[in-house]
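Biologist: I would like to learn how to read the features of a protein model, one kind at a time. Could you take me through them?

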Amino acid sequence: VCMLWLLALSSPRRACLAHPTQLLRLRGGQSPGELSDVWKKRLQAAVEAQQRDQLGEAAELYRMAMELHPPLQGAWPVLTNYGLSLQPSDPAKAADAFRKAVELAPDDKAKADSHFNLANALTDASQPDEADAAYGACLALVPDDGGAHYNRGALRLTRGDAKGALPCMEAAVRLSPQDAKAHLGVADCNMRLGRPEEAEASYAVSRKLRPEHALTWASSGNCAEERGEYEAAETHWKRSLQLAPDDGVYCNLGSMLRRLNRMRESRDAYAAALALNPRSVDAHIGMGKAYTAPAGGAGSEAQRRHYAAFLARTYGEALKLSPEHVGANLAVAEGLHMWGEHGPCPELGGRSAIDFYRAVLQLAPDNTNAATHAAYEGAV
C-alpha cells in the first residue's frame, strides 16, 4: 500500500511581511488514507512535489487529482495543500481554496489555521482589508496565536498603520518572548511612532536573541542616529554590513559621515554602495553632496571644469537614472550657479544652470529657489 503524508506545515514557507529574511509558518494537512488508481497516484505525486518544494508542479498535480476524483474538492487537507502550493504563483486563486477550507475545517483549530492561510494569501494578493479580517477571525478562535498577532501587525505596519500594528506586535512578544522578529516588530512600530528610546529597548533584545540578523543591526543604526548617538549608529551599520552588504545601509552611513564632515569616509561609503548597485540614485546623489574642492583658485577655469565633471559623474548619473528627481536637478543648477558656470556646460550635455532650474519648476512649480533664479535670468 502506498501511503500519503500531507505536509504538517509547521515550518516557514514564504517571506515575512516586515523582514524578508524571516519566514512565516503555514499550516494544515493530514492523510486522506490509502491510495490506488490514477487520481491517487496524482495525489501522491502532488505531495511528493510539495515536499521537494516544487510548488508549481504540486499545484497542477493537486488540480488534476481533484478533477479526476471530485470528492477531493471537499477534502479539507487536500484543499489546504492545494492552496499552499498555488499561493506563490496565484495567491488570489489560493485564497479561494482557503475560503473553501474554512468552510470544511473539521474543528476550530483547523478553521483557525485556514483563516491564517487565507490571510497570508490575501496579503500576497494585495487585499489587505480582507487579510486583516481573516487574521482577526483566526485570533477569535485561537487568541493566543502569536504568529497571527505578528502577521497582522506586520500587515498593518506595511500599510503605514504603526499605531494599529503596535498592540499586535506586543501581543506576539508576550506570547513568544524569545521570538526576535516580534521584538523587532515592536521596535519598528515605535520608530514609526517617533519613540526612538522605546524602540532601542526592543532592538537591543532582538539583537541579543538574533545577533546574526543584518536587518536588526541596520534598523538599530537608524535608531541610534535618530537619537544622536552617532558612534553607536556607525557601529551598528558596520556590523550590519559585515553580515550582509547592502547599498542602502552604505548610503545611510555615508550620509551621516558627510554631516559629521568626514568627507573621505563618506565618499568611500557611497562608492561601496555603487559597487553593489551602480543604479543607486541615492548613492550618486550622496557622492555629489560629499564633494571636496581641490586646492587652488576657486574661480579658475580649471576648477570650474573639475567641478562640472564631478557634477556629471554624480548628480548627472543620478539624473540619467531618474530624470524627474527634483533634488538632483536643483543640486546641478545650484552647483553650476555657485561656480559661475552660467552658459552651456559641455560636461552636462550642453545644458546650463537655467535649464536645470526650469526642469525643477516643471516638476515642482512651488519651488521658490528655482523660481527666484529663473525670474532673475529672465526665464519666466
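**Reading the model feature by feature**

Modeller: Let us begin with a single loop residue: Asn-261 is exposed, at a relative accessible area of 60%, where exposed means over 50%, buried under 20% and partly exposed in between, computed with a 1.4 Å probe on protein chains only. This is a predicted model, in which local features need pLDDT of at least 70 and side-chain atom pairs count only at pLDDT 80 or more, while totals for chains, interfaces and linings use all residues. Residues are numbered from 1 along each chain as its sequence is written, and side-chain values use heavy atoms, with hydrogens and water left out.

Biologist: What is the phi of Asn-261, and where is the residue found?

Modeller: Most residues other than glycine have a negative phi. Asn-261 has a phi near 65°, a positive value in a residue other than glycine, and it is found in the loop between helix 13 and helix 14; helices here are DSSP runs (H or I, at least four residues; strands are E, at least two), numbered from the N terminus. Asp-53 also has a positive phi, near 70°, and is found in the loop between helix 1 (37-51) and helix 2 (55-68), where it is partly exposed at 46% relative accessible area.

Biologist: How many salt bridges does the structure hold, and how should I read one?

Modeller: Side chains of opposite charge can pair when their charged atoms come close. The criterion is a side-chain nitrogen of Lys or Arg within 4 Å of a carboxyl oxygen of Asp or Glu, and the structure holds 24 such salt bridges. One of them joins Glu-197 to Arg-227, with the closest N and O atoms 3.0 Å apart. This pair links distant parts of the chain, 30 residues apart, since Glu-197 is in helix 10 (residues 196-209) and Arg-227 in the loop between helix 11 (214-226) and helix 12 (230-243). Both ends are partly exposed, Glu-197 at 48% relative accessibility and Arg-227 at 25%.

Biologist: Which salt bridge has both of its residues in helix 12?

Modeller: An α-helix has 3.6 residues a turn, so residues three or four places apart point the same way. Lys-238 and Glu-234 both lie in helix 12, four residues apart, about one turn of the helix, and their closest N and O atoms are 2.8 Å apart. Lys-238 is partly exposed at 39%, whereas Glu-234 counts as buried at 12%. These two residues also belong to a network of salt bridges that links Glu-234, Lys-238, Arg-262 and Glu-265.

Biologist: How many aromatic pairs are found, and which residues form the cluster?

Modeller: Rings of Phe, Tyr and Trp (its six-membered ring) pair if their centres lie within 6.5 Å, and planes under 30 degrees apart count as stacked, over 60 as edge-to-face and the rest as tilted. A search of the whole structure finds five aromatic pairs. Tyr-291 and Tyr-307 form an edge-to-face pair, 4.7 Å centre to centre with 65° between the planes, which links Tyr-291 in the loop between helix 15 (281-289) and helix 16 to Tyr-307 in helix 16, 16 residues apart. Both rings belong to buried residues, Tyr-291 at 16% and Tyr-307 at 7%. Tyr-307 also pairs with Phe-310, in a stacked arrangement at 6.4 Å centre to centre and 20° between the planes; these two lie in helix 16, three residues apart. Tyr-291, Tyr-307, Phe-310 and Trp-339 form one aromatic cluster.

Biologist: Is helix 15 enclosed or open, and what do its buried residues pack against?

Modeller: Burial can be read along a whole element. Helix 15 has seven of its nine residues buried, so it is largely enclosed by the rest of the structure; His-284 and Met-287 are among the buried ones. The buried residues of helix 15 pack against helix 13 (247-259), helix 14 (263-276), helix 16, helix 17 (315-321) and helix 18, contact meaning heavy atoms within 4.5 Å.

Biologist: How many disulfides does the structure hold?

Modeller: A disulfide is a covalent bond between the sulfur atoms of two cysteines. With the cut-off of two cysteine sulfur atoms within 2.5 Å, the structure holds zero disulfides. Cys-223 is buried at a relative accessible area of 0%, and Cys-345 is buried at 0% as well.
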